[in-house]
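Subject: Structure handover, with notes on pockets and one helix

Hello,

Here is the structure to go with your files. Please look it over before reading the notes.

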Amino acid sequence: MKNKIRLEKRENVGMLRIVLTSILFTILAFAFCGIIIAFVGFNPLQVYSKMLTKVFLSGKGIRKMINASLPLMFCGLGVALTFKMNLNNIGAEGQYAMGAIFGGVFVLFGPKVEGIAGSIILAVCCFLGGAFWALLAAIPKAYWDVNESITTLMLNYIALIILSYLVLGPWKMPGQNVGQTKRIPSGLEIPELGESGISAGIILGLIAAVLIFLAYKYTTDGYQLSVIRSSINSARYAGINIKKNIILALVISGGLAGLAGYVQYAGVTHRIIEQMPNNAGYTGIVIAYLSRLNPLVVVIVSILFAGLQNSSATVQILGVPTQIATMIQGAVMIFVIAGDFFQRYKIVRNQEVKA
């Protein structure tokens, strides 16, 4: 008789198990990072205490965390939408940049429209910029089955080069040593929520998340995305237009990433700068996965990830290298992905009897 170990997929994974497993593996990630921090000569409890009090529990830290989460949120929402039907949009970084560029065209060269009308036009321009950039990958995918992972990724580099050229060249603000445009007119800025210092762009993010969530549950298009994800052959048999859904999903996804450019440009930096995307598009991929493609959870995970990113400046006060905060982000991602594996599968031991 010998034991044989195999993996068996769980039929149903309850929400309680998902939450508890995610919390457990997040704690394990911080414990692992604590060992590394102690190994390099710092007190992990002191480091975590400083991060907690300065970033996650202070008014100033919360304000900065929420503002920093806005582009992550929109990129995460966009990426999650395509993942919902097994499309890999790796191009949120470039779509974010192109959204900012289209918005810059309106602000710098368009008619002088301010107030609510101007803000709406600016937001639409940013959405269209990201949507257009995604469309360049959507059409080849829909009609010739060109791998969207490669095309969206390559388009990132083109968009970032265009952005760098513009802010270092024709759009550069005179007298500046860094690549940035002049300040956006105050009439086009996204206002703050009262005197909190928090950009009202968070309201736009919440509205987008709720609308996507409702679309998944109660609209025909949302249902079709789920069917295509489950089985593309079944979707064809049911008469679902695959080409239309591919284009629709990628275009809306790109538009959401383009809105990341809007909330950052009009609500946070108030200028288009060379390093504006700052890997938010790639971080959005991680956020979408950790959120299990749930748009409401994307909002929460985006805020937490922004807090971890902001922690790098906090730990520097203690002399801790900024790479520690980056390491914590990576560790949380890896450990939570590992937890996701144990949520989906269980280890089963079979006993085989020799003849």
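The notes below cover the two largest pockets and then one helix.

This is a predicted model, in which local features need pLDDT of at least 70, side-chain atom pairs count only at pLDDT 80 or more, and totals for chains, interfaces and linings use all residues. Residues are numbered from 1 along each chain as its sequence is written, and side-chain values use heavy atoms, with hydrogens and water left out.

The largest pocket has a volume of about 1500 Å³. (A pocket is an open set of points on a 1 Å grid over the protein atoms alone, where a 1.4 Å probe fits, with protein on both sides within 12 Å along at least five of seven lines; lining residues have an atom within 4 Å of a point. The volume is the space filled by probe spheres set on the points, which are joined across faces, edges and corners.) Of its 44 lining residues, Ser22, Leu290, Ser291, Arg292 and Val297 are the closest to the centre. Helix H1 (15–39) gives the most to this lining, with 9 residues. (Helices are DSSP runs of H or I, at least four residues, numbered from the N terminus.)

The second largest pocket comes to about 560 Å³. It is lined by 28 residues, and Leu72, Asn278, Asn279, Thr283 and Gln309 are the closest to its centre.

Helix H5 (residues 115–144) bends by about 30° at leucine 135, the bend being the angle between axes fitted to the seven residues ending there and the seven starting there. Just after H5, aspartate 145 takes a positive phi of about 55°.

Regards

Terms used:
The expected span of a helix is 1.5 Å times one less than its number of residues.
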